[in-house]
Amino acid sequence: RPLSRVYTAAAKMAEASPQPEPPKQEAEAPAPAPAEAPAPAPAGGEEDDNAPAPEEEANVEFTPLVKLDEVKTTTGEDEEEVLFKMRAKLFRWESDSWEKEVKLWKERGTGDVRFLQHKETKKVRLLMRREKTMKICANFFVVPTISLAENAGSDRSWVWQCHDYSEGRDGTTETQYSTLAIRFANSENAQKFKEEFEKAKEANKAAGMSGEATGAAPAAAAPEEAPAKEAAPAADAKE
């Protein structure tokens with residue numbers, strides 16, 4: 001019994017004095033993951049099928065099936081001097097594609113209209129090509145018998161008749177008596193064209209051209225009456 005009292009007293013003292021808490025330890029940062037080491041090269045000089053293929057320069061030569069020889073083309077303008085050049089739109093009075101008895105203005109093309117004078121003969125012709133395709137849409141000598149007329153309802157358009165060589169093929173001098181109309185961006189350009197047109201007529205008269213002398217159209221191609229009331233397309237269209 002005395003021993004039991006001693007144990008009981010010791011237990012009560014232990015309950016009265018609280019036990020000290022152990023010191024808290026700071027959480028350690030996780031260690032970085034080790035970098036992946038490159039895969040070891042296969043032993044014995046063997047190639048890895050999964051490795052990227054090295055870039056190689058392709059040396060491919062193609063032999064043409066047909067060899068084309070270079071052909072030199074001449075425009076016929078090498079011996080001529082440009083006297084005047086201006087952008088315009090050209091029309092021609094001709095039969096409708098479906099109804100031949102019906103005539104109307106058809107656009108011939110848009111491009112630079114030029115007066116070209118031959119360096120030796122001094123003859124002047126009007127040449128106009130379509131832009132981009134460079135196809136000829138007007139080609140004739142500005143002879144003294146051609147006269148410009150104002151197009152109805154427009155101060156920047158002119159109408160005339162002439163033997164046009166633009167439809168000639170394979171070097172032939174095929175002509176067509178045509179009624180043509182030209183339209184410029186403004187009236188000032190139209191007046192400049194008329195002035196140069198008159199100068200070209202005088203130059204050809206001095207060169208001995210009094211009419212459709214060179215490459216004249218056949219007698220059957222008689223001049224047709226110019227349209228009196230039918231004007232060229234509206235002048236307010238953009239060039």
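A residue counts as buried when its relative accessible area is under 20%, as exposed when that area is over 50%, and as partly exposed in between. The exercises below apply this to a predicted model.

**Exercise 1. Classify C137 and C162 as buried or exposed, and state how many disulfides are counted.**

Solution. Begin with C162, whose relative accessibility is 1%, so that this cysteine counts as buried. C137, at 0% relative accessibility, is likewise classed as buried. For the second part, recall that a disulfide is a covalent bond between the sulfur atoms of two cysteines. The criterion applied here asks for a pair of cysteine sulfur atoms within 2.5 Å, and by that rule the count of disulfides is zero.

**Exercise 2. Work out the strand order of the open sheet and name its edge strands.**

Solution. The sheet is open and has seven strands, which follow one another in the order β4-β3-β2-β1-β7-β6-β5 with antiparallel pairing. At its edges stand β4 (136-141) and β5 (149-150), each of which pairs on one side only. Moving inward, one can take the pairs in turn. Strand β1, residues 80-95, is joined to strand β2, residues 103-118, by 15 bridges in the antiparallel sense, and within this pair M86 stands opposite V113 of β2. On its other side in the strand order, β1 meets β7, to which four antiparallel bridges connect it; here R92 has L180 of β7 as its bridge partner. Finally, β6 and β7 run antiparallel and are joined by eight bridges, with S157 partnered by R183 in β7.

**Exercise 3. Explain why β7 is described as largely enclosed by the rest of the structure.**

Solution. The argument rests on accessibility: of the eight residues of β7, seven are buried, and therefore the strand is largely enclosed by the rest of the structure.

**Exercise 4. Locate E167 and identify the side chains with which its own side chain makes polar contacts.**

Solution. First place the residue: E167 belongs to the loop between β6 (157-164) and β7 (176-183). Next consider its side chain, which makes a polar contact with the side chain of R92 at 3.5 Å and another with the side chain of R108 at 3.1 Å. Lastly, the C-alpha atoms of E167 and N139 are 8.8 Å from each other, although the two residues are 28 residues apart along the chain.

**Exercise 5. Compare the backbone phi and the accessibility of K132 with those of M134.**

Solution. Most residues other than glycine have a negative phi. K132 has a positive phi near 75°, and M134 also has a positive value, near 60°. K132 is in the loop between β3 (124-129) and β4, and M134 is found in the loop between β3 and β4 as well. As to accessibility, K132 is exposed at a relative accessible area of 81%, whereas M134, at 48%, counts as partly exposed.

**Exercise 6. Describe the largest nonpolar core and the surroundings of W160.**

Solution. The largest nonpolar core has 27 residues, and those with the most contacts inside it are W160 and F193. The elements giving two or more residues to this core are β1, β2, β3, β4, β6, β7 and α2 (187-206). Once neighbours within four places in sequence are left aside, the contacts of W160 include L90, F140, I146, L148, L180, I182 and F193. Apart from this largest core lies another, of five residues, among them F91, W105, V159 and A181.

How values were computed: Residues numbered from 1 in each chain as written. Predicted model: local features only at pLDDT ≥ 70, side-chain atom pairs only at ≥ 80, totals over all residues. Heavy atoms only, no water. Pairing = 2+ DSSP bridges. Polar contact = N/O pair within 3.5 Å; in protein donor to acceptor, adjacent residues only side chain to side chain. Buried < 20%, exposed > 50% of the residue type's maximum accessible area, 1.4 Å probe, protein only. Core = buried A, V, L, I, M, F, W, Y, C linked by side-chain atoms within 4.5 Å. Contact = heavy atoms within 4.5 Å.
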